[in-house]
Each structure stands twice: as structure tokens, then as C-alpha cells.
Amino acid sequence: MKTLCLLALLSTTLFVQSVVAKPTLPLLYEVNLNDRADDQFKVTLHVSGLTADNAIYQFAATAPGTYQIMDIGRYVRSFKAFDGKGREVKTSQVSTNQWKFEQPSQVRTIQYAIAETWDTPVNEHKPYNMCGTSIEQDHVLINGQGVFGFPSGMQAAPIEVKIDYPTDWGVGTALDKNAKGNFLASNYDRIVDSPILLGRLSKASTTVAGAQVDVYTYSKTDKIKSDQLLNNMQAMLNAAGQFLKQLPVKRYTFLYHFEDQDWGAWEHSYSSEYVIREDEFSKKLADNMTSIAAHEFFHVVTPLNIHSEIIQQFNFVTPTPSEHLWLYEGVTEWASDAMQLRGEIMDLPTYLDEQTQKIAYDRSLDTTYSLSKLGLTCYTDEGQRQYGNIYARGALVAGLLDIRLLELSNGKRGLREVINELATTYGPNKAFPEKEFFSIFAQMTYPEIADFFNRYVKAAEPLPFKDYYSKLGITYTPAIPTGQKTAWLGMRPTFVDGKFHLTNLEEPLRKAGLAENDEWTGFNGQPLNLENIAKVQSDLKQLKPGDTYDITVRRNGQDVTVKSTILEKDEVKRYVFEPDPQATPQQLQLREIWMKNL
């Protein structure tokens, strides 16, 4: 999952589903979207043959690729069960996400209403909107974990979903249909892995490396169409096909939702979904969508084809982290840029500027926080404060790993080649062992790579940009003074668990009345939220040193407004990469290899 604005995107199960035989009959869900009153999904589930092993109905505590606590049970508004004659079977809520059937063998129908997540306030852990659900008059967004649950022991049961919706609506999803028009999923994991967008949609399609690619778009005022987005991303898709040699899916679906909120995107095995603020279509907007799509699209490799047993047997009951978040998100972010560089969509200066921005983001956080630790703490508040760095430091480390592999192999085998080999060795249905992956990777490459992992993934040693990029004939300079002055805020805003916080405050801001980790709630009298953060950023950029503005923060439950001043500091160009005009023939040769697919 990748979020926007740089403010920042699964262990064995505790349930007995790992040992219960896979049921032969599918779980048949019905969702009535012709009734969209109260912003609630009305769900009916038909079951038979439940036993004591199936006595708990489970809603998701989290979902793959979100790395956040969701507790979807909080959104349930009513829950009832009935026998074959329509008589109610007693149920009771036994935890946030679990309802218990008193006599599971009698249950034939389960009915519940569950509120959409977008417009339903919660006190904490609000699901990211691109991972949530929304009901509006002209469209509906379904992410499976936000609508569907499952009886204990039946996570592996096949699923059939009948959705009633207006006849003039279109439907975008990676799910297949049966002859009755119902959507099919092989199990609960697959329904969660397959978002559904319904409503007034435009559609465009193409073929990439033998795979069908569909684009579905909801645009609130029809400013953006699917064919516009697809035309702009065609070169990226072709570059991805060349980078991967062959796409590991036969069909892939992009789902775009353009309205009044900027949240970002959520990856899935056979699709990805984007929640973006609607604007007039422009080359800038299209390029931004292509850049985000490049990251999400590469997830067809990681984690679809390369993942540990924690992902393979996802625990929807208790969030269980994986140490290899650096692989799932960091390598993916690196690949999204590398495949554009090698496909000649992105030039070298732009690629190097991407590295500069990622270093700046990394340096704004705790540089002693290792990628392994970030993966293992991603569900905690501590880990969430560092989470955005998986796309920065994670990608930077992957880039260095690529250079090291190319050096050790004399330019014959980089990270792209190793990733493709891993995808062939494992694939969607074979997991690598969580605790052994570093050793497996080193054994299939070079002993020196074990040392690399120990220093830069398991630990957080300073990253060797100067040493590694010099192998490519590219210089790295941490700081270059320009002799000029520049305006700055004197603080670092961060985004954690749906809230903005102020960190790294300079002394003048402390004297003005601000405190470290204050929740930032307003700017010049207007509330601050994801819906208007882009405008606030734009307004701040217009201010000059000495200009004042009002900043509202929440501290100990109280709102405090402080008059703050734009500060001034010496302008320094930081983290500068430049091609070395005196690069040796050997360096130039390795750079040329590095910039193309082998």
C-alpha cells in the first residue's frame, strides 16, 4: 500500500481452519445495494452443516497489505441468525470482532447490517479509505474485509457473492462470475484480496505481455475517464512486462475512485484500488497516477508470488507482522522506479532525484529504526510512526542491494533477476519460511549478501550511498551550501493513525507555545484533514520568512491556537547524486548494465 503526500501503504492462524477439512459447499452471501439507506450494507449469508467448530462468526481485525488494526466488528449495527424455518437462533457478541451461535448446527441464515467505514466515526484505528467501504447514491466501494466475515474454521471455504444493484451500474473487480452472475472467490482471503467498485463507471482495456488489463473509473463529475488513464500508463505497463519478462497473472484490474479525498492506493494480487481527489484531467495528474500504479502493479510479484507463511496463512483474528515488509513494500517501490528507468520512461536525473527525496524522508525519521524492526512493529503505534519509511529506506536499501548484486556477479545478475528467480521457485501457492529467507537469499546469491542483510536490513547502519554509487560512476554528496536563504516551517509534520502530528520542533515554535507531538488540527482557521492537506501545503509554500499564520493543535483533549512565524535558514542542497564526468570505463560499463534489463 502506498499513500500520498509523503505523509506517509500476513503465522499460523489461531483458528481451527488450518486443520478443518475444506467445506465442499460454498458460503453464499447476498448483498442488497438497491437498499443504500443509512449507509449500511445489508448482508445475508446462507450456510448449512455448521458444527461446534464453526460456532464463532469472525469479522476481520486487519487485512493483508494494510499493516493497520481495523477491528471491522466495530461497524456491525445488527447481527441475527435463523434456522431453516425462519426462527431466530440466539447469538451473542463475545469480542469486538466475534459473534457466537448458541446452536450452530441449527443455523441456516445469518443476517447483519454493517456500516460503511468512510463516513462512520471511530475513536481510533480508522481504516484507510482505500482499504475501506463507501455507499453513495451513484456508486459503492466494497473491500471484502469491510463487508464479509466467516464462520470459524471456514476461512478456506469457497465463496459465492450475489450483489443486487441498479441495472444501469457497471462493476469493476478481478473476481470471476458464474452462470448466475454471482461473483466467485476460492476462499475468504481471495474475497478480501478482490475489491469491488460499482456505479457510474467508465472502462478501458488493453493486453500486456499476454495478460488482460482492465481499468474502471468512477469520477464524481466525469472529469477523468479510464481511457485517458490507460493511454498514459501504457508505456509503464509495457516496461513492467519487460522488467518481469512475463506477467504472473492472466488478468489485472485497476479500480480508480475520484471524488473529494486524497488517500492513495491499496495493492492486491490481481487488482489495485485508488482513492484520489478529482481534478481536471492533465498530464501531471496522469503521470502521478502512473507513478502510483507502477508501485501497486509490481505487487503481482511481491507478495503474490514471493511471500512467507505469515502471508500465505493470513491471520484475520490477531494481526501478525512479518519481518519481510522490506521485501513486500521496499523492493516493490524500488522496482516501480527501476522498471521506468530501464524502460526509458524516467531519465537518470529524475531517478536520482527520487533517491534524494527518499533519503530526505528517511533522515526525517528515526534512522536507528531498522527495516526488520519496522516490519515486526508495523501494527503498533511506535511502528506506525515510522511506517512511511518502508517506501523510502526500504526502496533505498533495495537499490543498494541491486548494485551490490551486479558488482558481485560482474554485471550478470541484479536484484531484478533474483526476484524473478524467486517468483519462479515459489509462486502464489508456495511460501518461503519466514525465519529462513535471509539465508535462502544469500545461499542463492553470494555470502557477502548475508553481511548486507545484517547491516542494512536487520540493523540500521548508515547506508553506503557514496561507496555503492561510485561503482556506477555516480557521485554522492550529503550537503552542498548554495549561499542563499530559504523559508521553512521549523518542524516536521507526520501522519500516524489518521492524525497529523508536529515533530522536530525548533526553539522559536516551542517558545510560541507548540509542543512536540502536538496533534495538528487547524491552519488559519480552517480544519486540517486529508481532504484539504494539499491546499494547506500550497498555502504554506506561498509564505515568506517572517510571515505569520495561526496553527491549531489538540493537546490533552483541548484545542490550542498558536500564532507561528515562518522561519529562515541557510539553503543547502542535500543528498545530491550526479554522474561523475571522470568516471572510468569500468564504472561506465557497470552503469550501462545497471540502467537496462539483463
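Analyst: Contact between two helices means heavy atoms within 4.5 Å. By that criterion, and in what is a predicted model, Asp 402, Ile 403 and Leu 406 of H9 meet Leu 590, Ile 593 and Trp 594 of H16.

User: What makes H9 oblique to H16?

Analyst: Helix H9 (residues 389-408) and helix H16 (residues 585-594) pack with their axes 11 Å apart and at an angle of about 120°. Roughly perpendicular covers 65 to 115 degrees and roughly antiparallel needs an angle over 145, and about 120° fits neither class, so H9 is oblique to H16. The crossing of these two helices is right-handed.

User: How do the residues of the contact of H9 with H16 divide into nonpolar, polar and charged?

Analyst: The contact of H9 with H16 has 5 nonpolar residues, no polar ones and 1 charged one. Asp counts as charged, whereas Ile, Leu and Trp count as nonpolar, and therefore Asp 402 is the charged residue among those that meet here.

User: Why are H2 and H3 called roughly parallel to each other?

Analyst: Helix H2 (residues 226-244) packs against helix H3 (residues 283-298) at an angle of about 30°, and their axes lie 9 Å apart. Angles under 35 degrees count as roughly parallel, and the value of about 30° falls under that limit, so the two helices are given that description. Their crossing, like the description of its sense for H9 and H16, is right-handed.

User: Which residues make the contact of H2 with H3, and how do they divide?

Analyst: On H2 the contact involves Leu 229, Asn 232, Met 233, Met 236, Leu 237, Ala 240, Phe 243 and Leu 244, and on H3 the residues include Lys 283, Asp 287, Thr 290, Phe 297 and Phe 298. They divide into 14 nonpolar, 2 polar and 2 charged residues. Lys and Asp count as charged, and therefore Lys 283 and Asp 287 belong to the charged group, while Asn 232 and Thr 290 count as polar.

User: Why is the pair of Phe 150 and Tyr 188 called tilted?

Analyst: The whole structure holds 44 aromatic pairs. In this one the ring centres are 4.6 Å apart, which is within the 6.5 Å limit for a pair, and the planes stand at 50°, so the pair is neither stacked (under 30 degrees) nor edge-to-face (over 60) and counts as tilted. It links distant parts of the chain, since Phe 150 lies in strand S12 (residues 150-151) and Tyr 188 in helix H1 (residues 188-192), 38 residues apart.

User: What makes S10 and S14 stand at the edges?

Analyst: They belong to an open sheet of 4 strands, ordered S10-S11-S17-S14 with antiparallel pairing. Strand S10 (134-135) and strand S14 (170-172) each have a single partner strand, so one side of each is left without a neighbour in the sheet.

User: How do you know that S11 and S17 pair?

Analyst: Two strands pair if at least two bridges are found between them, and 4 bridges join strand S11 (residues 139-142) to strand S17 (residues 196-199), so the requirement is met. The two strands run antiparallel, and Leu 141 has Leu 197 in S17 as its bridge partner.

User: How do you know that S2 and S13 pair?

Analyst: Strand S2 (residues 27-32) and strand S13 (residues 159-164) share 6 bridges in the parallel sense, against a requirement of at least two, so they count as paired. Val 31 stands opposite Ile 163 in S13.

Methods: Residues are numbered from 1 along each chain as its sequence is written. This is a predicted model: local features need pLDDT of at least 70, side-chain atom pairs count only at pLDDT 80 or more; totals for chains, interfaces and linings use all residues. Side-chain values use heavy atoms; hydrogens and water are left out. Axes are lines fitted to C-alpha atoms, for helices over the stretch in contact, and angles run from 0 to 180 degrees between N-to-C directions. A crossing is left-handed if the near helix is turned anticlockwise from the far one by less than a right angle, and right-handed if clockwise. Rings of Phe, Tyr and Trp (its six-membered ring) pair if their centres lie within 6.5 Å; planes under 30 degrees apart count as stacked, over 60 as edge-to-face and the rest as tilted.
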